[in-house]
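The following exercises are meant for a reader who meets this structure for the first time. Each task is followed by a solution in steps.

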Amino acid sequence: AAVSETAWLTATIRPAGTFGRNDTSRLRALLDALSACASIVVLDLQVARLRSLGAGEVIEDAAWDLERRGGCLLCINVDSESRACLSAAGDHAVLIDDASQLLAPRVTSGLRPEVQDGTSPGLVGGAPQTQLKALDTA
C-alpha cells in the first residue's frame with residue numbers, strides 16, 4: 001500500500017481548571033505554538049471551563065490560524081458555559097458537546113440535533129442569549 005506523502009501532525013491538549021479573562025496567557029502561548037505546526041489540535045475541555053469571552057477569543061484565534069493553513073481546531077467535551085464563550089468569539093473552532101450533558105436529542109437535520117432549551121448542540125454555535133450576556137460579567 002502506498003503511504004501518503006502528506007504527513008499530519010496532531011496534538012491533544014487537556015487543560016484543567018477555570019479560564020477567565022486573566023487566565024488566558026499560557027493557553028494562548030500553547031495554542032500559538034501548536035497552530036504554527038500542527039495539522040489538527042484537539043482541545044479536550046472535559047475538566048476545564050471557559051468563563052470569559054477572552055478565553056473563547058484565544059481559542060478562536062488559534063482555530064483561525066489552523067484553518068488558514070488547512071488544519072482544524074476541534075474542541076471536545078464542551079459544556080454549555082464554555083460553548084457560550086466559544087460561540088460568542090466566532091465560528092472557526094469545531095465544537096462537540098460533552099456527551100454526558102445531552103438528553104436524548106432528536107436529529108432534525110444534518111449534524112445539528114435539537115435540545116429542549118432551543119440550543120443546537122453539535123458542531124458549531126448554539127449558545128443561548130442568556131449565556132452570552134453572562135459572559136460580560138466574567
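Buried residues (under 20% relative accessible area with a 1.4 Å probe, protein chains only) make up 36% of the 138 residues in the protein chain. The model is a predicted one, in which local features need pLDDT of at least 70 and side-chain atom pairs count only at pLDDT 80 or more, while totals for chains, interfaces and linings use all residues. Residues are numbered from 1 along each chain as its sequence is written, and side-chain values use heavy atoms, leaving out hydrogens and water.

**Exercise 1. Describe the succession of helices and strands in the protein chain.**

Step 1. Count the elements, taking helices (H or I, at least four residues) and strands (E, at least two) as DSSP runs numbered from the N terminus. The protein chain has four helices and eight strands.

Step 2. Read them along the sequence: the pattern is β-β-α-β-β-α-β-α-β-β-β-α.

**Exercise 2. Determine the strand order of the open sheet of four strands.**

Step 1. Two strands pair if DSSP finds at least two bridges between them. The order in this open sheet is 1-3-5-6, and the pairing is parallel.

Step 2. Find the edges: strand 1 (10-13) and strand 6 (94-97) each pair on one side only.

Step 3. Consider the twist, using lines fitted to C-alpha atoms (for helices, over the stretch in contact) and angles from 0 to 180 degrees between N-to-C directions. On average, neighbouring strands of this sheet are turned by 15° against each other, direction ignored.

Step 4. Examine one pair: strand 3 (residues 40-44) and strand 5 (residues 72-78) run parallel and are joined by five bridges. Val42 has Leu74 in strand 5 as its bridge partner.

**Exercise 3. Identify what helix 2 and helix 3 touch in the sheet.**

Step 1. Contact means heavy atoms within 4.5 Å. Helix 2 (residues 53-68) packs on the sheet and touches strand 3 and strand 5, its direction making about 140° with that of strand 5.

Step 2. Helix 3 (residues 80-89) also packs on the sheet, touching strand 5 and strand 6; its direction makes about 150° with that of strand 5.

Step 3. List the buried residues of helix 3: Ser82, Arg83, Ala84, Cys85 and Leu86. Gly90, with a positive phi near 155°, follows helix 3.

**Exercise 4. Is Asn77 buried or exposed?**

Step 1. Locate Asn77: its place is in strand 5.

Step 2. Note the backbone: Asn77 has a positive phi of about 55° although it is not a glycine.

Step 3. Asn77 has a relative accessible area of 17%, so it is buried.

How values were computed
Buried means under 20% relative accessible area, exposed over 50%, partly exposed in between (1.4 Å probe, protein chains only).
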